[in-house]
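Hi,

Here is the structure I said I would pass on. Have a look at it first, and then read on for what turned up.

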Amino acid sequence: MAEIGVGLVGYKFMGRTHSNAYRQVGRFFEVDPAPRMRAVCGRDEASVRAAAAQLGWEGYETDYRALVGRDDIGLVDVATPGDSHREVVLAALDAGKHVLCEKPLANTLAEAREMLAAAERAGVVAMVNFNYRRAPAVQLARQLIADGLIGEVRHWRAVYLQDWINDPSFPLVWRLQKEKAGSGALGDIAAHIVDLAHFLLGPITEVVGTLDTFIRERPLETASAGGAGLSAAAGQETGQVTVDDATSFLARFASGATGTFEATRLAPGRRNHNAFEVNGAKGSISFDLERMNELEVYFEDDPAGLQGFRTINVTEAVHPYAAAWWPAGHILGYEHTFVHAVKDLLDGIKAGQTPAPTFADGFRCQAVLDAVERSAATRAWTAPAGAE
Ligand code: SOE
């Protein structure tokens, strides 16, 4: 069996989900090449050494340039904050490596355009990890829509609601700083529902939206506060939040459908509520990530008196990815979406064809985010820019 050396840049939340995916994928799927977990990379040597041992990497690097230069690494996985996606991805592409880059592709449209052009020149596999496409229920939703089971699609309605920064004493972490994160809820979680909209309904042609920041000042993050999520010490220095807490926008699709999007990280009780509903002429489909194994469907053609939303438990062997895991009803979780993404990535490397979402898909998402930002400033309907 062929192997491909993997180098992972970043070892926090996304680094852990990706590491788990590389460890698990060959145990549940036929993969060729199989991933060889060569090295994880991070600037702090003590932390990245510990992460390598904990997450199953053979070694570690403290400079991404050393990682991308290694002959025993053929795939570079970028799981860092958005402000380093461009430099690491360009270095990996320049070294002729295949690339998996976490979402969103970049912090700005200009960066995304440059990364897309570099990927096209490099002629390698270059994929963006919008992992929710690979929930079996989302894959089933796409099949139902593509097969015409709900007829002409008229409405897309999606929310992505979290509450992890609702406490004003939550410190000013990197996701709340524009120079590191690029944007707030817009690029972090609205990006997911934009990508899902593209996946299920196709291109978005114009948007009009708002961006709001409710908590504008937060305590600086210090070691004494125990890190992110713990109340800062009294009298601690504060800093300005420079990104949006929330965004809402309307969209028109090339298909003629209309869409509404809302994303916020200040919705108390909503831990990771990524949900969408699609209404067609002959039926509706509804998905909620917090009930990831279920898909709610409604078909107009059901017999009168028996019409109503029904819940499909998307764990049958006939459902996407499900046969690799457990018997029907033994449900999957968030981490399995990353295993599915890595499985498809490895298949793509074998075939010499980048699986969706490609960098072009990542650029298309970034263009919608950019259009929302511009429309929030002008209060006007705004078309996403093209790649040229
Ligand atoms: C934080 O909002 C976050 O970790 C996102 O960055 C991820 O993309 C999402 O899957 C879970 O929430």
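Let's start with helix α6, residues 136-146: 8 of its 11 residues are buried, so the rest of the structure largely encloses this helix. The buried ones are P136, A137, V138, Q139, L140, A141, L144 and I145. Just after α6 comes G148, with a positive phi of about 80°. Keep in mind throughout that this is a predicted model.

Next, helix α1, which runs over residues 13-28. How far apart should the ends of this helix be? At 1.5 Å a residue, its 16 residues should span 22 Å, and the end C-alpha atoms are 23 Å apart, so the two agree. There is a bend in α1 all the same, of about 25° at Y22. Y22 is also one of the buried residues of α1, alongside M14, G15, T17, H18, S19, N20, A21 and V25.

Now for the interior. Nonpolar side chains tend to be buried together in soluble globular proteins. Here the largest nonpolar core has 113 residues, and W156, F261, F276, L295 and F359 have the most contacts inside it. Helix α8 (residues 185-201) gives this core its largest share, 12 residues. At least three residues come from each of domain 1 (3-132) and domain 2 (136-291 + 293-332 + 365-378). Another core lies apart from that one; it has 9 residues, including I165, L176, I215 and V243.

What about empty space? Searching the whole structure gives 2 cavities of 30 Å³ or more. The largest cavity holds about 40 Å³ of space. Its lining is made up of V314, T315, A322, W325, W326, H330 and L332.

A few backbone details are worth a look too. As background, most peptide bonds are trans, and most residues other than glycine have a negative phi. Which residues does a cis peptide bond join? One such bond joins D32 and P33, with omega at about 15°, and P33 sits in the loop between α1 and β2 (34-41). Another cis peptide bond joins A356 and P357, where omega is about -5°. You'll find P357 in the loop between α9 (334-351) and α10.

As for phi, Y321 has a positive value near 70° although it is not glycine. Y321 belongs to the loop between β16 (310-313) and α9. Is Y321 buried or exposed? Its relative accessibility is 17%, and buried means under 20%, so Y321 counts as buried. R379 also has a positive phi, near 60°, and is likewise a residue other than glycine. R379 is in the segment after α10, and it counts as exposed because its relative accessibility is 79%, with the cut-off for exposed being over 50%.

Last, take E373, which is in helix α10 (residues 359-378). With 28% relative accessibility, E373 counts as partly exposed, because that value falls between the cut-offs of 20% and 50%. Where does T210 lie relative to E373? The two are 163 residues apart in sequence, yet 7.7 Å apart in space, C-alpha to C-alpha.

That's the tour. Shout if you'd like to go through any of it together.

Cheers

How values were computed:
Residues numbered from 1 in each chain as written. Heavy atoms only, no water. Helix = DSSP H or I, 4+ residues; strand = E, 2+ residues; numbered from the N terminus. Expected span 1.5 Å × (residues − 1). Bend = angle between axes of the 7 residues up to and from the residue. Buried < 20%, exposed > 50% of the residue type's maximum accessible area, 1.4 Å probe, protein only. Core = buried A, V, L, I, M, F, W, Y, C linked by side-chain atoms within 4.5 Å. Domains from an automatic or database assignment. 1 Å grid on protein atoms, 1.4 Å probe; cavity = no way out; pocket = protein on both sides within 12 Å on 5 of 7 lines; lining within 4 Å. Points joined across faces, edges and corners; volume = space filled by probe spheres on them.
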